[in-house]
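Visitor: Please take me to one leucine on a long helix and look at it closely. Then work outward from there.

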Amino acid sequence: MTKARTSLEARLSLLMIGILFVVLFGIGGFAIQSQNRAIVEHTERGFDLVTRALSVGAPSAARGEVTADVDRLIKNSESGLKYVLVTDQNGQALFSSSRTPVEILSSPSRIAKSHIESANGIDPGRIYSSTHPVAISKTRDGIFTAAWDTSGMHDEIISATAKTLLIVSLGFIAGIILSLTFARSITNAIRPLTDCARSVAAGNLTCKAPGSPRGEIGELTQAFNYMVEVLHGNQEQLIERANTDVLTGLYNHRYFQERLQDEVNRAARYGGKVALLMIDIDYFKTFNDDHGHPTGDAALHGLAQVLMQSIRDTDIPVRYGGEEFAVILPETGMREASQTAERIRKSVEECHFADPEHQKLSLTVSIGASEFPTHASDRTGLISTADIALYQAKAKGRNRTETYSADCPAMPKPDPQKLYVLLHTDDMATIEALAEAIDAKLKLSAGHSHQVARHAMAIGKKMGLSEAERAGIQLAALLRDVGQIAVPDAVLSKSAALSTEEMAEVATHPMLGHAIIQKAPHLSSVLPAILHHHEHYNGTGYPSHIAADQIPLAARIIAVADAYQSMLISRPHRKYLTPGEAQMELASKSGSQFDPKVVDAFLEVLAEETGYRQAA
C-alpha cells in the first residue's frame, strides 16, 4: 500500500467522501421518490377534477350525444383525454367516444382499459382511468369513465428525476472538492507539529510549531509548544544540576574539564590567553576532625561564597573535588591572575566561619597559578603546571600564592584525585596515591587498599601465579574501587545502614570503575578483575551474576583479600571483627561467596604470616 493511501489526508478524504456519497444519494433518492409521487398525485388529481367536470354531460352522452367539451378534449391530443365511457349500474355501455361496442365487464375502469387496448392500441401502462358516478336520468344512475394518457406525466417524472440527479451529482463533486480541501487543511496544520516533534525527538528543544491560535489544532499547537518549553526548561535545570556541585553551588569537576578545554581552544584559535588557579584549603582534614564534617561542609559552602565575591562575572569558579577549588580566568594573563589569586587568599583569611556553637573559625588557602600558552600547550598541561605551583605554595608554608615557573621542581606525588594523571601515566606511586585518595573518600583507614593489594599478591604467589600475573592483581586491587568516586558523598558517609536504593547505587561502582580505567589503554589487562571483584562464587554477586570459574581468577582473589581487610574495620552496619573471627567468616562462606581454593590459599598465607611474627 502506497504512502498516499495510508496517509491521514487520504483516509480523511475517503471517509468524508464516503459519508457525503451516502448522505447525498440517500437524500437524492428520497427527493426523487417524493417528487415523483407528488407529480403522479398532482396529475391524477387534475385528471379526476376534469373527469368530474366532464361527467356533467353524461345524460346527453347516454343518449348518444357527444358534448362539445368532450369532443374538443378528445380531438386535442395535448389534453391527454383518450376515451370517454358511460355505463349503467350493470356495466352496460351506454356511450363510448369511439362508438364501438365494448365487452361489458364488472369494473368500469377495466371496461375502459379493455376498450382502449382493443380500439386504440394504447399502452395500458400509460393510461389512467378516472371514474365518477352520475345520474343518467331521474330514475337511472350510471358511471362516467374518462381514460387519460399519462405519457406527459412520465416525461415530467423523467425530466424532474434528471434534474435532481444533476443537482446531487454537482453537490457530490463540490463535496469532494471541499472534503479534499478540508483534509488538506487538517494535514497541513498537523504537519508542522509532526516535523517539530521529530526535531524535539532529535534533541532540539528550541523548536516551536507554527499555527493559528484558534480551533482545536491551534490549542494542540499551543499545548505542544508549552510542553517543549517546559522540557527545555527542565533540560536546562538538569544540565545545570549535572554541572553543579550540590554542596557549594559552584560548577563541578565534569564541567570544569569541558569548559577549560573550550577556553583553551578559543585562546589557541584567536591568539588569546587563559589562566588557571588551583586552590586548596590548608589543613582541612584537621579542621574536619576537630569540628566535625557538618561544620566542614558549612565552611566549604562559605568559602565558595567568598570565592564568587572575589572574582569577575566572566570567571568560572569550580569545586574541583574535596577541599580543592579552581578558577578559570578567560582572557587573563599571569599578572592579573596573580592579583585575583591574592585577592581570594586574603578574603578567605579575613573571613570567619561559625560552627554550631557559634565559635568563629578561620581557614586559609594555598593557590597555584598558571597560564596558557606561556606555561602549557594544552588543557592537561595547564592543570599540571597549576598543580605544581599549588604544591610549591604548600611546600613554602601554605597560605600563599605561587605562580608556575620552569624552575619549580615537579610534584613529589601528584594529587590522587586527578584522574587525568592516572590515565596518562603508568607510575606505581601515582596509582598508589590514587588508591589512598579513594580510601580517604570511603573513610577507610590509611593503607587499606595497600593491604588488600599485598594480600592479593601473596594469595597469587601461594597459588603459583607468575610475577606478571601478580603485578596485574596488585594494580587491580589498588584500583578496584575507583568507581566509588562517582558515588555521592552523602551515600558513602552515611552513618546508618544504607537503603536498598543506596545499596543499588553503590553496586554500580564496578561498572563505573571499568568505564574509567577503560580510557587508559595500558591498564586494559586489569579491567576484568575490577569489573567482577564483587561477584560471588555461587552467582549471587554483582554486576554480572556469574559464578565459579566464570569469574576471573584475579577477581576471585581480590574478593577474598578485600573482604578480609574490610571485616577488620568498623562500618555503620556492623562492628569490626578480630583477625581470627574474620578468618572463620571467610571459611564459613567458602564455596558460597568465595572460591574455596582461594580461601584455603589465603588462610595458609595468614598462618605463615602469624608464624613468622611469633618466631620474630
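Guide: Leu-180 is found in helix α6, which covers residues 151-201. Helices (H or I, at least four residues) and strands (E, at least two) are DSSP runs, numbered from the N terminus. Is Leu-180 buried, exposed or partly exposed? Its relative accessibility is 41%, so Leu-180 counts as partly exposed. Buried means under 20% relative accessible area, exposed means over 50%, and partly exposed is in between (1.4 Å probe, protein chains only).

This is a predicted model: local features need pLDDT of at least 70, side-chain atom pairs count only at pLDDT 80 or more, and totals for chains, interfaces and linings use all residues. Residues are numbered from 1 along each chain as its sequence is written, and side-chain values use heavy atoms, with hydrogens and water left out.

Now follow Leu-180 across space. Leu-14 is 166 residues away from Leu-180 in sequence, yet their C-alpha atoms are 8.9 Å apart. Next to Leu-14 in numbering comes Leu-15, which lies in helix α2 (residues 8-54). Leu-15 joins Ile-19, Val-23 and Ile-27 in a nonpolar surface patch, and together they have about 370 Å² of accessible area. Patch residues have over 30% relative accessible area and no salt bridge; like charges are joined within 9 Å, nonpolar side chains (Val, Leu, Ile, Met, Phe, Trp, Tyr) within 5 Å. A salt bridge is a side-chain nitrogen of Lys or Arg within 4 Å of a carboxyl oxygen of Asp or Glu. Accessible areas come from the Shrake-Rupley method with a 1.4 Å probe; for residues, only the protein chains shown count as cover.

Turn to strand β1 (residues 81-88). Seven of its eight residues are buried. β1 pairs with β4 (residues 141-149) in the antiparallel sense, over seven bridges. Two strands pair if DSSP finds at least two bridges between them. Val-84 has Ala-146 as its bridge partner in β4. β1 also runs antiparallel to β2 (residues 93-96), joined by three bridges. There, Leu-85 stands opposite Ser-96. The hairpin of β1 and β2 has four residues between the strands, and Gly-91 takes a positive phi near 90°.

Where else does the backbone deserve a look? Glu-331 has a positive phi near 50° and is not glycine. Glu-331 sits in the loop between β7 (324-330) and α11 (334-350). Phe-372 and Pro-373 are joined by a cis peptide bond, with omega about 10°. Pro-373 belongs to the loop between β10 (365-372) and α12 (379-395).

Last, the interior. The largest nonpolar core has 40 residues, and Ile-459, Ile-517, Val-560, Leu-586 and Phe-602 have the most contacts inside it. Such a core is a set of buried Ala, Val, Leu, Ile, Met, Phe, Trp, Tyr and Cys residues joined through side-chain atoms within 4.5 Å. Helix α21 gives this core its largest share, seven residues. Leaving out residues up to four places away in sequence, Ile-459 touches partners including Val-560, Phe-602 and Val-605. Contact means heavy atoms within 4.5 Å.

Helix α15 (residues 448-462) also holds Ser-449. Ser-449 has a relative accessible area of 2%, so it is buried. With the same four-place exclusion, Ser-449 touches Ala-435, Asp-439, Leu-478 and Arg-480. For the whole protein, 42% of the 616 residues are buried.
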